[in-house]
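Please look over the sequence and the three-dimensional structure below before reading the notes. They are written for a reader who has not seen this structure before.

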Amino acid sequence: VVKVSPLEARGLFDQTMGMMAEHCVFTSATTGTAHLFRDTHAMARNVVYAEGGTPFPPGNRPIFFAPKGNLTKKTFDSDIEELADAVVQIASYSQPGNCYDHANQKGLIHTYTNKVLDHIVAAFDRAGLRKRLVLLQGGGQQRNAIVNYFKGSPEPLILVSPSAMLGLSLNDDMGRFQVVCKMPYAFLGDPAVEH
């Protein structure tokens, strides 16, 4: 099997997807201006920038940054246990009556890799909290069954997955908190990413 991929996608839109549709919609939090987006991708067509707000007030969507290591190939073994223990602390935090009562709320833990997932599960096991975890693995019907079980349970379960970044909606009490264990950077060993 031979895989051919361009080192740069600049200019390929017009020759590929651009030929398939009269109008295309790109959604991202980081597109920049319409002019910049068009120039970056060397697009021949006109680009119109539209910005939409969010129905969630800022007070309802805080982000807490608490780095616990890099989890790079070189530092993974020295950093993973501290990270896993911190995730257990976050999920166990209890302040009854407000939005930070994670011990009694459903949540989502993004592990990004199965290796991180295994360490998170082990940390919850050591803390006696393994029963709260629902592992989102597999695909198709199996994945749907796991999500439906999680959503339907009245228990304060935590969905743990290396791949729940897209297509999962946990509205209201179905997901009151989430923890991102590792940023999903592209594989640095890929020549297209390296250049």
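The briefing below covers the sheet, some single residues and one pocket.

This is a predicted model, in which local features need pLDDT of at least 70 and side-chain atom pairs count only at pLDDT 80 or more, while totals for chains, interfaces and linings use all residues. Residues are numbered from 1 along each chain as its sequence is written, and side-chain values use heavy atoms, with hydrogens and water left out.

**The sheet**

- An open sheet of 4 strands runs in the order 2-3-1-4 with parallel pairing, where strands are DSSP runs (E, at least two residues) and helices, named further below, are DSSP runs of H or I with at least four residues, numbered from the N terminus.
- The edges of this sheet are strand 2 (133-135) and strand 4 (177-180), each of which pairs on one side only; two strands are said to pair if DSSP finds at least two bridges between them.
- On average, neighbouring strands of the sheet are turned by 20° against each other, direction ignored, with axes taken as lines fitted to C-alpha atoms (for helices over the stretch in contact) and angles running from 0 to 180 degrees between N-to-C directions.
- Strand 1 pairs in the parallel sense with strand 4 over 4 bridges, and strand 1 also pairs in the parallel sense with strand 3 (residues 158-161) over 4 bridges.
- Within these pairings, G107 has I158 as its bridge partner in strand 3 and F177 as its bridge partner in strand 4, whereas L108 has Q178 as its partner in strand 4.
- From strand 1, G107 and I109 point one way and L108 and H110 the other way, and all are buried, which means under 20% relative accessible area, while exposed means over 50% and partly exposed lies in between (1.4 Å probe, protein chains only).
- In a regular strand the side chains alternate between the two faces of the sheet.

**Residues in loops and at a helix**

- T111 sits in the loop between strand 1 (107-110) and helix 4 (114-126), and T111 is buried because its relative accessible area is 0%.
- Apart from its neighbours within four places in sequence, T111 is in contact (heavy atoms within 4.5 Å) with V116, L117, I120, V160, S161, P162, C181 and K182.
- L71, in the loop between helix 2 (34-40) and helix 3 (76-92), has a positive phi of about 55° although it is not a glycine, and L71 counts as buried because its relative accessibility is 5%.
- D172, in the loop between strand 3 and strand 4, is a residue other than glycine with a positive phi near 50°, but D172 counts as exposed because its relative accessibility is 56%.
- Most residues other than glycine have a negative phi.
- G152 belongs to helix 5 (residues 140-152) and is exposed, with a relative accessible area of 58%; the C-alpha atoms of G152 and M174, 22 residues apart along the chain, are separated by 8.7 Å.

**The second largest pocket**

- The second largest pocket holds about 670 Å³ of space, a volume being the space filled by probe spheres set on grid points, which are joined across faces, edges and corners.
- A pocket is an open set of points on a 1 Å grid over the protein atoms alone, where a 1.4 Å probe fits, with protein on both sides within 12 Å along at least five of seven lines, and lining residues have an atom within 4 Å of a point.
- This pocket is lined by 26 residues, of which F26, T27, T31, Y49 and A50 lie nearest its centre.
- By class, the lining has 12 nonpolar, 11 polar and 3 charged residues, where Ala, Val, Leu, Ile, Met, Phe, Trp, Tyr, Cys and Pro count as nonpolar, Asp, Glu, Lys and Arg as charged, and the others, Gly among them, as polar.
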